[in-house]
Amino acid sequence: MNENIIAYLKEHGKVNINDLAAGLDMTGAEKFPLLVKEISQLESQGELRFDDSGSLALRKKVEKKKEITVTGVFRANKAGFGFLSVDEDEDDMFVGRNDVGHAVDGDTVEAVIKKPANRLKGTAAEVRIVGIVERSLKTVVGKFILDDEKPKYAGYIKSKNQKIQQKIYIKKEPVVLDGTEIIKVDIDKYPTRGHDYFVGHVRDIVGHQGDVGIDVLEVLESMDIKSEFPEDVMAEANAVPDAPSEKDLIGRVDLRNEITFTIDGADAKDLDDAVHIKLLDNGNFELGVHIADVSYYVTEGSALNREAVARGTSVYVTDRVVPMLPERLSNGICSLNPNVDRLTQSCLMEIDRNGHVVNHQICQSVIKTTFRMTYSDVNDIIAGDEELIEKYQPIVESIHHMAALHNILEKMRVRRGALNFDTSDAKIIVNDKGMPVDIVIRERGIAERMIESFMLAANETVAEHFAKRKLPFIYRIHEDPKAEKLQKFLDYASIFGVQIHGTANKISQQALQDFMAKVEGKPGAEVLNMMLLRSMQQARYSEHNHGHYGLAAEYYTHFTSPIRRYPDLLVHRMIREYTQVTDEKIEHFRNVIPELATSSSTLERRAIDAERVVEAMKKAEYMEEYVGQEFDGVVASVVKFGMFIELPNTIEGLVHITTLPEFYNYNERTLTLQGEKSGKVFRVGQQIKIKLTRADKETGDIDFEYIPSDYDVIEKVKKSRKDRSGKDKRRPKSDNHKDHKKDHKSNKQRNHKSSKSSSKKSGKKPFYKEVAKKKTRKAKK
């Protein structure tokens, strides 16, 4: 009946009810009331309407104005709000707590613009998430909690991921769980309206609470970093011989008579690089960098290669290494142990007294190292330790030549503008139960820097060789810093009273290098180093050569660590394949390199995240026994909600602004907090006395409380116009400081990122405004 009414009205337009009844044969005492009932129902549904004369007509459908949407990746904050990242060249957009919908950190989402960015006020665009394009969270690891609140489920898991707001309920399984397990769960159902929780099923029992090392394993498993290798991978690794055969040496350059040796840390097992040096008759140096030829054993299409691609890199956390390749290879035939033949790829360079490579050869080779040296022994030999000089007499001359060449190479890099981020690096010492017992600063002597110099030289030489041959290749690139990030550093650096030549949009490495040299040794210099490092872009892998900004190098790749990084292994494979170039090889590498570059960059970031989370967890665990004790520290960074304090052993914690004894005004340009009444000022690099109030291993959070001391600085308070007008300034309402605290090292105070845009001078319109214009133009056409 409904369809007949609508069809009649579509054909005849406006009609009175009697004409409609006659047209549909619905007249008479029995049929007419049924028609009236149907018409009433259609009217209530908004399908038709009566006009003033009593005539019927179909209601015109009002087309909803189509909202402009943007697609991007949602990055959640544990406080409930988040940011939408759309493009590297655009500022992130703010997503309020009530606009998140049911998006989870990492989801690709669709959002509508609520409020555009205001570059003059320095405010970010605000968006509302309206749809989920792709879920990022597929698995979760956490402690299983028995719970009978929802009888159909066995309980829920408590994850270390503080960005997951809802509970994750577990379906009842054939295997009975007792509440001691750490489990890995596959997500089956995501939160929706009226169903504000996840549902999953157990994929694996990772371990049990109290197991040695379970805390670190939980972090690794949550990031899908697996220690065990599949059976087919282990079968291939076990099939690799213990030593190279004569057949393996065919076609290789024989370098076994060179005085070659390795220099590594005392606890290193995978010795994948060795060096030799000679002083040539013309006064130049011959430097040989020899790298284990891993690609000879890990061939394309093999299970070993498949697994190496999936892992991308070895992961180094406090108490263990998760290797990219099985130890059978890395500690066996691919380890350049002394006095045994080993297959290598060698970069032989003739380097002049100015540090320039004037000749080079890149080849497949065979070497035999003479000694397995440690950094500490080499440093002691350079310092003149007579006992060690006697013990290692055959290579002492080589060591001194190496020290001399390193000095030349270091000066060359400084001359061309390479930036030296000289920041402290800590090593966490753990006992056999995985408990942290000490935190020590890693010392970098001449030997460590010397080997680094030689690896840099080889990486540059290999990259330049293939760039000039115009063959498809993978590069390690470090692009110029973004202006808005650099502006923040320049704003703070100006406080030191040392002029920097250039602007945020155009500044040379030499200008930054000169500035850092002038402030070296001054209070706050190390913090400035860290601030400059944070203003840089992240290095990544690419099929395009964009140079390396930090090294001031025109060409750069990774050639020297194929045991622990997949791009290096790929470079080795290309070196071998390109000894005989064919169109098929060129096309093959042109096709595979982009995807491998992207995946390697992503997996590298995953490894860095894992290392960072475990380090924060272990540092907090180490500090738990020191709660209540007082320390001297340095202000590492100042943010709107407080300041991060660094101790001499690199431990960092937060003094939240709500714990300070009075109202403090935050000055973003000078990165300072100033007491409204006392005039006390806290700025980056300033010494401060603090007390440890909380250390939470589960979250990695460390909280300090400020203690008045002789370190305090008092400056005259500058009154604002608002103050002079007599208006009352109230202390702003503050959220719980736990919700604000973030890892400011990796992405400092992201929730205030919008303020960066105020430094932009270009006046560039946000991209979504252009989208809106285009859609309007199309509509007009």
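How many residues does helix α16 have, and what does it reach from its first C-alpha to its last? The points below take up this helix and then other elements of the structure, which is a predicted model.

1. Helix α16 covers residues 583–623, which gives it 41 residues. From its first C-alpha to its last it reaches 60 Å, close to the 60 Å expected at 1.5 Å a residue. The helix nevertheless has a bend of about 30 degrees at Ile 593. A proline, Pro 594, follows within four residues of that position.

2. Helix α15 (residues 566–577) packs with α16: their axes come within 11 Å and cross at roughly 170 degrees. Because angles over 145 degrees count as roughly antiparallel, α15 is roughly antiparallel to α16. On the α15 side, the contact is made by Tyr 566, Pro 567, Leu 570, Arg 573, Met 574 and Glu 577. On the α16 side, Lys 585, Phe 589, Ile 593, Leu 596 and Ser 600 take part. Ile 593 is thus both the site of the bend and one of the residues that meet α15. By class, the contact of α15 with α16 comprises 7 nonpolar, 1 polar and 3 charged residues.

3. A second helix pair involves α1 (residues 2–12) and α3 (residues 31–44), whose axes come within 10 Å and cross at roughly 75 degrees. Because angles of 65 to 115 degrees count as roughly perpendicular, α1 is roughly perpendicular to α3. Helix α1 contributes Asn 2, Ile 5 and Ile 6 to the contact, and these meet Leu 35, Glu 38, Ile 39 and Leu 42 in α3. The residues of this contact divide into 5 nonpolar, 1 polar and 1 charged.

4. Among the β elements, 5 strands close into a barrel in the order β3-β4-β5-β7-β6, with mixed pairing. Direction ignored, neighbouring strands of this sheet are turned by 50 degrees against each other on average. Strand β7 (residues 126–134) illustrates the mixed pairing. With strand β5 (residues 93–95) it pairs in the parallel sense over 2 bridges. With strand β6 (residues 108–115), β7 pairs in the antiparallel sense over 7 bridges. Individual partners can be located in the model: Phe 94 has Glu 126 in β7 as its bridge partner, Val 95 stands opposite Val 127 in β7, and Glu 110 stands opposite Gly 131 in β7.

5. Another 5 strands close into a barrel in the order β8-β9-β10-β12-β11, and here too the pairing is mixed. The twist from one strand to the next averages 55 degrees. Strand β8 (residues 139–146) and strand β11 (residues 181–189) run antiparallel and are joined by 5 bridges. Within this pair, Val 141 stands opposite Lys 184 in β11.

6. What do β22 and β23 form, and which residue in the turn has a positive phi? The two strands form a hairpin with 5 residues between them. Gly 434, in the turn, has a positive phi of about 80 degrees. Strand β22 (residues 426–430) pairs with strand β23 (residues 436–441) in the antiparallel sense over 5 bridges. Ile 428 has Ile 439 in β23 as its bridge partner.

Definitions and conventions: Residues are numbered from 1 along each chain as its sequence is written. This is a predicted model: local features need pLDDT of at least 70, side-chain atom pairs count only at pLDDT 80 or more; totals for chains, interfaces and linings use all residues. Side-chain values use heavy atoms; hydrogens and water are left out. Two strands pair if DSSP finds at least two bridges between them. Axes are lines fitted to C-alpha atoms, for helices over the stretch in contact, and angles run from 0 to 180 degrees between N-to-C directions. The expected span of a helix is 1.5 Å times one less than its number of residues. The bend at a residue is the angle between axes fitted to the seven residues ending there and the seven starting there. Angles under 35 degrees count as roughly parallel, over 145 as roughly antiparallel, 65 to 115 as roughly perpendicular and the rest as oblique. Contact means heavy atoms within 4.5 Å. Ala, Val, Leu, Ile, Met, Phe, Trp, Tyr, Cys and Pro count as nonpolar, Asp, Glu, Lys and Arg as charged, and the others, Gly among them, as polar.
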